[in-house]
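Reader: I would like to go through this model with you, starting with how its helices pack and then turning to its pockets and sheets. Could you take each point in turn and show the reasoning behind it?

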Amino acid sequence: MNHRTAEGTALVRPLYHLEPRRDEAYRVPNTYAFGSELLVAPIVQSCDPVTLHGTARAWLPPGTWTDVFTGTVYAGDRFVDLHRTLDTVPVLLREGGLLPLAAEDQLDATANPTAFEVLVAPGTSGSFTLVEDREDEGGTDRTAETRLAWDAALAEFRVHATTGAVDVVPARRDWRVTFLAVPADGQVVSARGEDRFSVDLTVESATGGAVTLAGPPVVGVDAREAVRRALERAQAGNAEKLAAWEIVSKDLPRADRIVELGTVDLPEALRAVVVELLGSVHPGER
């Protein structure tokens with residue numbers, strides 16, 4: 001992203017740079033694009049005393065958007081109120097987005113990493129070119145490029161061979177590819193969480209490598225667990241929270257559950273948190 005900025009595209013841009021012909025993009029001045037992959041909606045108001053959540057209103061461009069911290073998936077082309085506790089902030093990865101991160105043990109900021117974690121929002125195919133550099137003794141900046149690609153149709157993630165000044169990056173690297181989704185049946189994983197799973201591969205930088213999944217990942221997260229946590233945390237009456245949970249846990253269409261929530265005397269701020277979560281994309285939906 002720093003190289004991209006040097007070429008003239010700012011790291012942080014207002015939303016209307018992405019969608020200049022959409023009036024909605026001008027109505028959310030606090031929402032911004034961070035690099036080519038992320039949308040950020042910072043919370044700039046106090047937490048609600050009942051829900052203990054802050055709120056940010058965002059307009060999401062068309063497509064789907066996945067919160068990199070919670071795994072919640074949102075349909076785009078709409079306004080949405082995003083509610084978060086103090087320990088997180090809405091940071092959304094675009095559909096097909098790839099977000100390369102240095103692995104947790106890579107603490108030397110002066111060296112190009114020997115290990116990466118790449119977050120993938122696998123709803124559609126996407127690619128990202130990782131640009132790394134090193135200054136030689138004469139002060140010349142030498143760069144190497146590594147193209148990362150996710151093919152949704154083939155369920156394949158590929159690390160292409162590094163090009164350019166190959167010697168500025170390690171000859172071999174470990175890659176953890178983390179899909180913000182549920183794995184297909186039979187998928188062998190290196191790690192798994194409630195809203196994501198990972199596969200590991202070791203790649204020679206000069207030749208590249210790939211991993212093919214057992215099937216397409218299932219995009220979306222069942223919101224019930226997140227709703228349960230929000231209700232437990234809320235400073236509201238237990239009877240009302242229990243009544244809301246009984247509705248949320250029913251095996252009914254989400255629209256029906258949202259309507260029935262209107263019969264429960266929940267504080268409006270808490271109702272908004274629950275409705276946001278119920279209105280997110282659930283597994284297998286598009």
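Reader: How are α3 and α4 oriented to each other, roughly parallel or roughly antiparallel?
Author: In this predicted model, α3 and helix α4, which covers residues 238-248, pack with their axes 10 Å apart and at an angle of about 175 degrees. Angles over 145 degrees count as roughly antiparallel. The two helices α3 and α4 are therefore roughly antiparallel.

Reader: Which residues make that contact, and how many of them are charged?
Author: On the α3 side the contact is made by Arg224, Val227, Arg228, Leu231 and Glu232, and on the α4 side by Lys241, Ala244, Trp245 and Val248. Divided by class, the contact of α3 with α4 has five nonpolar residues and no polar ones, and the number of charged residues is four.

Reader: What classes of residue make up the contact of α3 with α6?
Author: Helix α3 (residues 224-233) and helix α6 (residues 268-278) have axes 9 Å apart and pack at an angle of about 170 degrees, and they are therefore roughly antiparallel to each other. Ala226, Val227, Ala230 and Leu231 of α3 meet Leu270, Val273, Val274 and Leu277 of α6. By class, this contact of α3 with α6 has no polar and no charged residues, but eight nonpolar ones.

Reader: Which element gives the most to the lining of the second largest pocket?
Author: The second largest pocket holds about 500 Å³ of space, and of the 23 residues that line it, the closest to its centre are His53, Thr70, Ala226, Arg229 and Leu277. Two or more residues of this lining come from each of β7 (78-84), α3 and α6. The lining of the second largest pocket divides into eight nonpolar, seven polar and eight charged residues. With four residues, the element that gives the most is α3.

Reader: Which element supplies the largest share of the lining of the largest pocket?
Author: The largest pocket has a volume of about 950 Å³, and among its 34 lining residues, those closest to the centre are Met1, Asn2, Leu130, Val131 and Glu132. At least two residues of the lining are supplied by each of α1 (2-6), β9 (98-102) and β11 (126-135). By class, the lining of the largest pocket has 18 nonpolar, eight polar and eight charged residues. The largest share, seven residues, comes from β11.

Reader: Which strands stand at the edges of the five-strand sheet, and why is one side of each left without a neighbour?
Author: This open sheet has mixed pairing and follows the order β9-β10-β15-β17-β16. A strand at the edge has a single partner strand, so one side of it is left without a neighbour in the sheet, and the strands in that position are β9 and β16 (191-192).

Reader: Within that sheet, what is the bridge partner of threonine 178 in β17?
Author: Strand β15 (residues 172-179) and strand β17 (residues 197-204) run antiparallel and are joined by eight bridges. In β17, the bridge partner of threonine 178 is serine 198.

Reader: In the sheet of six strands, which strands stand at the edges?
Author: The order of this open sheet is β1-β2-β3-β8-β5-β6, with antiparallel pairing. Neighbouring strands in this sheet are turned against each other by 30 degrees on average, direction ignored. Each edge strand has a single partner strand, so one side of each is left without a neighbour in the sheet, and these edge strands are β1 (12-14) and β6 (73-75).

Reader: Which residue in β8 stands opposite tryptophan 65?
Author: Strand β5 (residues 64-67) and strand β8 (residues 91-94) run antiparallel, and three bridges join them. The residue of β8 that stands opposite tryptophan 65 is arginine 94.

Technical notes:
Residues are numbered from 1 along each chain as its sequence is written. This is a predicted model: local features need pLDDT of at least 70, side-chain atom pairs count only at pLDDT 80 or more; totals for chains, interfaces and linings use all residues. Side-chain values use heavy atoms; hydrogens and water are left out. Axes are lines fitted to C-alpha atoms, for helices over the stretch in contact, and angles run from 0 to 180 degrees between N-to-C directions. Angles under 35 degrees count as roughly parallel, over 145 as roughly antiparallel, 65 to 115 as roughly perpendicular and the rest as oblique. Contact means heavy atoms within 4.5 Å. Ala, Val, Leu, Ile, Met, Phe, Trp, Tyr, Cys and Pro count as nonpolar, Asp, Glu, Lys and Arg as charged, and the others, Gly among them, as polar. On a 1 Å grid over the protein atoms alone, a cavity is a set of points where a 1.4 Å probe fits but cannot get out, and a pocket is an open set with protein on both sides within 12 Å along at least five of seven lines; lining residues have an atom within 4 Å of a point. Grid points are joined across faces, edges and corners, and a volume is the space filled by probe spheres set on the points. Two strands pair if DSSP finds at least two bridges between them.
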